[in-house]
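Grab a pencil and work through these exercises with the model open beside you. Try each task before you read its solution.

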Amino acid sequence: MAEPAIDIENLTKDYPYGFLQLKKRRSLEGLTMQVQSGEVFGFLGPNGAGKSTTIKLLMRLIFPTAGSARILGRPISDISMHGDIGYLPEQPYFYDYLTAAEVLDYFARFHDFTATERSERVQRMLKKVGLESAGRIQLRKYSKGMLQRVGLAQAILHDPAVVVLDEPMSGLDPVGRREVRDIILELKKQGKTVLFSTHILSDAEMLCDRVGVIVGGKLQGVGAPSELVGLKAQGMEILFELPTSATGVGELLAQATRTGNRYRLQVEESGLYAAMERLSAAGAKILSVTQVKPSLEEYFMHLVEADRAQASAVEVRAK
Amino acid sequence: MTRIGTVALNTFREAVRDRVLYNLVFFALVMMASAILVGQISIDIEQIVIVSLGLSAISIMGLLISVFIGVGLVSKEIDKRTLYALLAKPLRRWEFILGKFAGLALTLTVNTAAMAAGLFLALFYVKHSIERADTAVLVAVYFILLKLALVVALAMLFSCFTTPLLAILFTAGLYIAGLFVHEMRALQGGLIDPAFRRLLQWISYLLPNFENFDVMGAAAHGRAIPGALIAQNTVYAALYCAIVLAVAAAIFSQRNLK
Amino acid sequence: MSAKGHIALLLFVLLGFAGVWRLQQRIDVQQRLVESEDDQVMLRSSKLVKSLSLEYAPLMADIYWTRVVQYFGNKHSGKQVDLRLLWPLLDVTSVLDPHLMPVYHMGSMFLSDAAPRGAGRPDLAVELLERGLKANPEEWRLYYDLGYVYYFDMKDYPKASAAFYEGSKNPRALLWMKTLAAKIAAEGGSTETSNFLWQDVYNTANDPLVKENALKHLQLLRAQEDCKQIDAAADEYQKRFGRRPVRMSELVQSGLLRGEPVDALGYPYVLSEDGKAETNPQSPLKEKQFTAAPGK
């Protein structure tokens, strides 16, 4: 197998706190994870789980207590490798006395572009994130969503092989989120590797090839969204309308949920056709038949609750 | 190298767009104007008064900028988190420190030059001529600039590991201590334990001695300043700045950003 | 940062400070060349300094006073005569803080003492003290100092008497000031009075400089007294033997003196060519004698 674009091994981070900084809080424990080249990887977890910590460790903003990581085959201590990485920080903030064009130009200067290349790229990026008209306004006048877009622009301006986005959807309205999703898909099409963290599960389900779920500083599961929640479907759901005169389907109705005239009935896959025959014989109008899958959200909540139960058990023991 | 230059020029741009800078320069110009007025009241010593007041104003204004903005160079970027995206670029942490320093040094140079020009204008207005002896004033201004560079380096060092407020206090404190090095060394009398006196003397040699840069007396009276002193002060400032910045870069390179 | 990096940094810092040390010494040499004492009194206009100091005037006064002490201390031990700047320094200091008492006490002493010990300007000392009295009318010690200056340096006995009298009016003043005022008014200058005054200074002074000064004056007075007595003996010798004595030993042998008299520092007195007693040329008191006026 080819070398992973991002290779994390046993990454651990303790934060000292308290009087004289003697106590330690472990915000990340033994994270081992790989992101393959060309895939879109979603990093999921509740707030404070360690997503941002991991990303900051990767970007060398903070230093690990233990463990190591490599990006594009080089250790993260090699800063020159940052020329191939794009990073969007969480809730980005840039020099508010500069305009968007100036900020992008400033960041672009750290890469090897000629002056014409640089200005051309800046213009292209502004257009791409929809800030073309606002390019000459100072950032102090920008809304949160606009700042997010500037952040995204500076992350991909230099055409990096790996793009790391920390909560890229935060602060955006649905239109903005749609645009970001489109950009991520476009990056994927260009063969780039994308790692992004989020707690919006529907985005993850839609975009990611694989996700990693982190809760309480520990990695709980990694895999394609469908893998994680179990390939096994839990059956079929029939949506139907029933005229009041229907008979002979009493026990089926008892299992169904009713909203006005409509009923939803869950049955095993094996018993689907039998149920449908009975319903149509009773005069029901079948509106739709869909597969019932557990969602990522359920999987997620299950993990979060498990972690909380474990944490409180530890507390009980400690008392 | 160009990375350091990029950071430096951006720092300079920030200072220029920061309206606070303009106010300070304006205030200094007001000082010059009052110097002219004062010069007219005390006859025969206009030169002395204008040069002394002018140099003092340049020094004080410069110090305010050096301390307050110097401390903010690093702390502002950390607090406002503008640093995050920046450090994700192929920019090493020590390059960032040097770039910030160079940017503020450039700002101070421009600022000081402007005020010095004002000072010479005031001098010309009063004396109606500029003599060769007035080059001493130019040297005095250069020395002030060297002093300010050292203060900036110290401000950056402290801001790398303490809060902005403490950094300001420490830097100011070190500056004031550096003014009394002479007194520290000239302590006479058997009132002090000789071992302690020797220790004080040692410390007095290692502390940044800002008195080295004080030639206001010579400048005011138009006495020439020896070239040896100019060379030595330049090397002193460069060397001391190098030490301070190296330590600052080392500390900053290991700092976990919140 | 690796261990190697740490060591490299430490080496750099240590070497750097070594360089700083060497440089600093060279710079000190250069700075001494550049400095001039005129700079100490950059702004001689006391009004200007006061207006510039704003509310920090008392602090500035302290700083100026420190300079005065250093200045006088340096000159004093350096045996230089040039005390031109003393008055401007004291002038500015007293304007900056009119209530700084050491300025008047010690300043007047430095000013009024004849060269080479002091600046030899008793008139300025009087001006300084009068300025002090205007600002601090309750400070009877200033009358005391004033009396000194008039008595010793200006030999103005009426004014000296008046000063001591004025000072004695303050209930906290020294008890003898009134009597002394009367004595001076009656007799003018006398060795007894002089001795008394200097003894008082010597007993009450805290500052070593002041004490030393008073001691020298006492020694001089004693020398004068001794010389007077030796002269009386010499006169007696002349009466008996018809000529002035040539050597001190003659006086001793003739029984007119009990032993070879020595001054306070242990140097024996000598007789001059015309048979008058003098302090030994090798005695440190000798140089003072030329500047000390009779009756001092």
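Helices here are DSSP runs of at least four residues, numbered from the N terminus. Keep in mind that you are looking at a predicted model.

**Exercise 1. Find the place of B:Phe196 in chain B, then decide whether B:Phe196 counts as buried or exposed.**

Step 1: Locate the residue. B:Phe196 sits in helix H9 of chain B, which covers residues 194-206.

Step 2: Count neighbours. There are 10 C-beta neighbours inside 10 Å of B:Phe196.

Step 3: Apply the cut-off. A residue is exposed if that count is 12 or fewer, so B:Phe196 counts as exposed.

Step 4: Look along the chain. B:Glu14 is 182 residues apart from B:Phe196, and their C-alpha atoms are separated by 47 Å.

**Exercise 2. Do the same for C:Thr279: is C:Thr279 buried or exposed?**

Step 1: C:Thr279 belongs to a loop of chain C, between strand E2 (277-278) and helix H13 (285-291).

Step 2: Within 10 Å, C:Thr279 has 26 other C-beta atoms. The cut-off for buried is 20 or more, so C:Thr279 is buried.

Step 3: Now pick C:Pro268, which is 11 residues apart from C:Thr279 along the chain. The C-alpha atoms of the two are separated by 7.3 Å.

**Exercise 3. Describe the make-up of chain B.**

Step 1: Tally the secondary structure. Chain B has 11 helices and zero strands.

Step 2: Check burial. Of the 258 residues in chain B, 47% are buried.

Step 3: Sort the contacts. Take those in chain B with a separation of 6 or more: 84% of them link residues 24 or more positions apart.

**Exercise 4. Which residues touch the most other members of the largest nonpolar core, and which helix gives the most to this core?**

Step 1: The largest nonpolar core holds 78 residues, and those touching the most other members include B:Ala140, B:Ala153, B:Met156 and B:Leu245.

Step 2: Trace where the core comes from. Elements that each supply at least two residues include H3 (46-79), H5 (93-127) and H11 (227-253) of chain B, along with H1 of chain C. H6(B) gives the most, with 19 residues.

Step 3: Zoom in on one member. If you skip its neighbours within four places in sequence, B:Ala153 is in contact with B:Phe101, B:Cys241, B:Val244 and B:Leu245.

A bit of background: in soluble globular proteins, nonpolar side chains tend to be buried together.

**Exercise 5. Work out how H11(B) and H1(C) pack.**

Step 1: Read off the geometry. The axes are 9 Å apart, at an angle of about 155 degrees.

Step 2: Name the arrangement. Angles over 145 degrees count as roughly antiparallel, so H11(B) is roughly antiparallel to H1(C).

Step 3: Add the handedness. H11(B) makes a left-handed crossing with H1(C).

Step 4: Sort the residues of this contact by class. You get 19 nonpolar, six polar and one charged.

**Exercise 6. How many residues does each chain bring to the contact of chain C with chain B?**

Step 1: Chain C brings 24 residues and chain B brings 29.

Step 2: Find the main contributor on the side of chain C. The largest share, 16 residues, is from helix H1 (residues 3-34) of chain C.

Step 3: Split that side by class. The side of chain C that touches chain B has 13 nonpolar, seven polar and four charged residues.

Terms used
Residues numbered from 1 in each chain as written. Chains lettered and ligands numbered in written order. Predicted model: local features only at pLDDT ≥ 70, side-chain atom pairs only at ≥ 80, totals over all residues. Contact = placed C-beta atoms within 7 Å. Nonpolar A, V, L, I, M, F, W, Y, C, P; charged D, E, K, R; others polar. Core = buried A, V, L, I, M, F, W, Y, C linked by C-beta atoms within 7 Å. Axes fitted to C-alpha atoms, helices over the stretch in contact; angles between N-to-C directions. Parallel < 35°, antiparallel > 145°, perpendicular 65-115°, else oblique. Left-handed = near helix turned anticlockwise from the far one by under 90°.
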